[in-house]
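Trainee: Let's take a close look at one part of this model. Please walk me through the strand pairing there, then carry on to the contacts elsewhere in the chain.

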Amino acid sequence: MSQTPHRRTAVSCSLLLVALAPGLAACGAGGHPLAREPGEPAGRITLSGVADDSGLADPSEDLEVTAEGQARITDVTAVDESGRYVRGRLSADGHTWRSTVPLAARSRYSVEVSTENDDGAPGRKRLTYRTSKVRTKKPMKVELGPEKGTYGVGQPLTVKLNRAVKTQAERSVVERGLKVSSTPVVQGAWYWVGDKELHYRPKEYWPAGARVRLESRLEGVKVREGVYASAAKPLELKIGDRIEAVTDASTHEMTVYRNGKEINTIPVTTGKAGFETRNGKKVVLEKQSSVRMTGASIGVGGTGEDYDLQVSWATRVTWSGEYVHAAPWSVGSQGSANVSHGCTGMSTEDAAWFFKTVRPGDIVEVVNSYGEDMAPFGNGFGDWNLSWTKWQEGSALTPGVRDGGGPAEAGRLRPGI
């Protein structure tokens, strides 16, 4: 690839400094062309893609900036009204810049083009680029979760789609259109649970008292040919105290911590042989003051293990039916033996206290059980059972790097080779 004009003028300036020292003014505001304020480019600057007399461009086409005559492009910044920067690539000869990410429909882009001519004189042009709406009967719906509210430090953010997104390129488009911000700022990443669902979690638990905002900037964005995303209302969450409940199945005790400080130790019973409680970290899904539990729900209906009970103070941690709940019938075994069908049972008084202490998103961990490990996905939120390294592998973007879409990450000028 040939050297750019910037490199040529920079080298000559360095030589002048050596030859004329201490006469530094040779590279100052008085003489060097790069020190001058940019004027109009020495040639015509055009934007491609305008479809008709309406002046609106097809959002499925690339945005192309072309410099004619003596002007060569040195920098392009294109940003829409939502603050999304457009990535692009500059041709080797400096005459063409082309976007490398999908544009949004019904959007207005501000495009700033910096140039220089053969003499190194700078120029600048500001243009506006508008895209038309997309005519499609089947947009890709984007559903943000959970619902607005206050959650525990383990609550993942979720996005559900009604269209399958399978390829790396398509998933990258979706991830770049999802913006997560928090106060305080934390490091986090997305993980594709399936073709239609992805989760976001920080490297560590959310800080207690944090405020989290999830917004989709995908409205009108082309995911693939014929598939454009629809709008989604932004979501704001508040994070409560850091509540962690750790159950040791071997000692039959649950220890509850608030912000790292032990606040209660509760005698419990967990799953007996053949029904061992799952090991690992789980996230509180919901709470029910009273729920009917039957053996049929775990496949033992009509057997000697069958049961049909109305249970109080039930805190759910898996969709398959694992709860922390009141079990007055097993008080004699609580603290000394495991006799349940997989749930964590405790006295009615302790269960009521636990029920009132925790909220959705809080962490419930089981250790030293003979049960299986909690699955990361599909049975609640087992997201925290994946290491941070493994979690990052579930992202379509560069592992460990969140794309905030700002100027520093926009990759605006990457000359082709």
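In what order do the five strands of the open sheet lie, and what is the sense of their pairing?

Mentor: Keep in mind that this is a predicted model. The order is β21-β20-β19-β27-β22, and the pairing is mixed. Start at the edges. These are β21, residues 261-267, and β22, residues 280-283. Each of these two strands pairs on one side only. From one strand to the next, the twist averages 20°.

Now move inside the sheet. Strand β19 covers residues 243-248, and strand β27 covers residues 363-367. The two run parallel, joined by five bridges. One position to click on is Glu244, whose bridge partner in β27 is Ile363.

A helix goes with this sheet. Helix α3, residues 348-357, lies across β19, β20, β21 and β27. Its angle to β21 is about 145°. Residues 253-258 make up β20.

Next, go to another set of strands, earlier in the numbering. Strand β4 spans residues 72-80 and strand β7 spans residues 108-116. They pair in the antiparallel sense, over eight bridges. On its other partner, β7 pairs with strand β8, residues 122-131. That pairing is antiparallel too, over nine bridges.

Use Val113 as your marker in β7. Val76 stands opposite Val113. In β8, the bridge partner of Val113 is Lys125. Then follow the chain from β7 into β8. The two strands form a hairpin, with five residues between them. Gly120 sits in that turn and has a positive phi of about 85°.

The side chains across this hairpin deserve a look. In a regular strand, side chains alternate between the two faces of the sheet. Side chains of opposite charge can pair when their charged atoms come close. Here, Glu112 and Arg126 meet in a salt bridge, at 3.0 Å from N to O. Glu112 belongs to strand β7 and Arg126 to strand β8, 14 residues apart. How accessible are the two partners? Glu112 is partly exposed, with a relative accessible area of 26%. Arg126 has 60% relative accessibility, so it counts as exposed; the cut-off for exposed is over 50%.

That pair has company, since the structure holds 22 salt bridges. Take two others.

One joins the side chains of Arg224 and Glu170, at 3.3 Å from N to O. Arg224 lies in strand β16, residues 222-224, and Glu170 in helix α2, residues 168-176, so the pair ties together parts 54 residues apart in sequence. Arg224 is partly exposed, with a relative accessible area of 26%. Glu170 is buried because its relative accessible area is 13%, and the cut-off for buried is under 20%.

The other joins the side chains of Glu236 and Arg213, at 2.7 Å from N to O. Glu236 lies in strand β18, residues 235-239, while Arg213 lies in strand β15, residues 211-216. The pair therefore ties together parts that are 23 residues apart in sequence. Both ends are partly accessible to the probe: Glu236 counts as partly exposed at 42% relative accessibility, and Arg213 is partly exposed with a relative accessible area of 27%. There is a wider network here. Salt bridges with shared partners join Arg213, Glu215, Arg217 and Glu236.

Return to helix α2, where Ser172 is found. Ser172 counts as buried because its relative accessibility is 9%. Set aside its neighbours within four places in sequence. Ser172 is then in contact with Ala396 and Leu397.

Finish with Met140. This residue is found in the loop between β8 and β9, the latter being residues 142-145. Is Met140 buried or exposed? Met140 is buried, with a relative accessible area of 0%. Which residues does Met140 contact, leaving aside its neighbours within four places in sequence? They are Leu161, Asn162, Arg163, Val165, Val174, Val223, Val227, Tyr228, Ala229 and Ser230. Val223 is 83 residues from Met140 in sequence, yet 8.6 Å away in space, C-alpha to C-alpha. Val223 falls within strand β16, residues 222-224.

Note on methods:
Residues numbered from 1 in each chain as written. Predicted model: local features only at pLDDT ≥ 70, side-chain atom pairs only at ≥ 80, totals over all residues. Heavy atoms only, no water. Pairing = 2+ DSSP bridges. Helix = DSSP H or I, 4+ residues; strand = E, 2+ residues; numbered from the N terminus. Axes fitted to C-alpha atoms, helices over the stretch in contact; angles between N-to-C directions. Contact = heavy atoms within 4.5 Å. Salt bridge = Lys/Arg side-chain N within 4 Å of Asp/Glu carboxyl O. Buried < 20%, exposed > 50% of the residue type's maximum accessible area, 1.4 Å probe, protein only.
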